[in-house]
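Here's a quick tour for anyone meeting this protein fresh. We'll start inside, then look at one of the sheets.

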Amino acid sequence: MALRDTLKALKSSNFISWKSTGKLQKTIASFIEKTGKTLHSGKLTKVKLLPELAGQGRYFDCNSEGVIQASITFAEETPLCTTLCGDGFKIRTVEHLLSALEATGVDNCRIMISDFDDRTAEIPILDGSAREWVEAIEQVGLKVATYQDGNCEKLVPVLNKPMHVCRNDSFIAAFPAEDVRISYGVSFPQVPAIGCQWFSSAPLDVSFYAKQIAPARTFCIYEEVERLRDAGLIKGGSTENAIICSVDKGWLNPPLRFHDEACRHKVLDLIGDLSLFGQYGCQGLPVAHILAYKGGHALHADFVRRLAGECLTTSACQTA
């Protein structure tokens, strides 16, 4: 099947219509290579990003032995990160990289990973944000992604009517809109320095993302660190790649990049997880106003599966 026929086969639904952006699909103009410590395993990992043909989308090349598409189909629920599984391989903490690729318009990309331990790897946490990925993409630039029968247009999913998913008191709702907007709320009443925060984006474009969202770092509660490490998590976490907040003492490694940095980081994560809705080099972020409250990677994935028409339970809501 020709690529244009494949794109025509993208399924619209009562909720989503796939429409042309009037633009051609793009990829990075040259390779990008990053090496760094991973958040959960604490090991050093090297990742190389390579240009890819139109219609191939974003995917992970696992030691040239397996391929995992950056698709919700391969997402597995794991604590404190988004994990993709396929061909017997598992890749953790993909959300920051995918967020940067989605927001900067890298529609097609081959992501090579070579440092596997028992067929499991993790994306480097870098400084805990997506800023270094965005800067690297800006440095090499983008180019039109070609295909054997020419260029290919980029399609975008447009929300047709309101929808929502929820888990207990956490929810994500989306409403039809003329552009992509995200409003996100977090609530940590036990941690006064964070408390209840809300962040709302202007129409989401590359410039807004690069300046207002990408620099926001991952965060954790100091009193939960020991429990998480006992569970085998955040072994590579430090003040170099996260902002840490204490219940009694507030932020332990200031200054913050934004007064609401914790909330902005949730938006960063959501964009990365929503990118998993993209197919064949088309946009994953739906054209909609997305409203999220007390979300996390599992709820983000529920929302994407709902968009994709996969049944969660007998209804859109479920309890954890």
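In this predicted model, the largest nonpolar core has 83 residues, and the members touching the most others are Leu49, Phe60 and Tyr209. Helix 6 (residues 261-274) chips in the largest share of this core, with seven residues. There's also another core lying apart from it, made of eight residues, including Ile125, Cys220, Leu228 and Ile244.

Back to Phe60 for a moment. Leaving out residues up to four places away in sequence, Phe60 touches Gly66, Val67, Ile68, Ala70, Leu84, Ile91, Val94, Leu97, Leu98, Ile111, Ile113 and Ile123. As a rule of thumb, nonpolar side chains in soluble globular proteins tend to be buried together.

Now for the sheet. It's an open one with four strands in the order 7-8-9-11, and its pairing is mixed. Strand 7 and strand 11 (120-122) sit at the edges with a single partner strand each, so each has one side without a neighbour in the sheet. On average, neighbouring strands here are turned by 25 degrees against each other, ignoring direction.

Two of the pairings look like this:

| Strands | Sense | Bridges |
|---|---|---|
| Strand 7 (residues 75-78) and strand 8 (residues 81-86) | antiparallel | four bridges |
| Strand 9 (residues 89-92) and strand 11 | parallel | three bridges |

Zooming in, Glu77 faces Thr82 in strand 8, while Arg92 has Glu122 in strand 11 as its bridge partner. And what do strand 7 and strand 8 form? They make a hairpin with two residues between them, and Leu80 in the turn has a positive phi of about 65 degrees.

Technical notes
Residues numbered from 1 in each chain as written. Predicted model: local features only at pLDDT ≥ 70, side-chain atom pairs only at ≥ 80, totals over all residues. Heavy atoms only, no water. Core = buried A, V, L, I, M, F, W, Y, C linked by side-chain atoms within 4.5 Å. Buried < 20%, exposed > 50% of the residue type's maximum accessible area, 1.4 Å probe, protein only. Contact = heavy atoms within 4.5 Å. Pairing = 2+ DSSP bridges. Axes fitted to C-alpha atoms, helices over the stretch in contact; angles between N-to-C directions.
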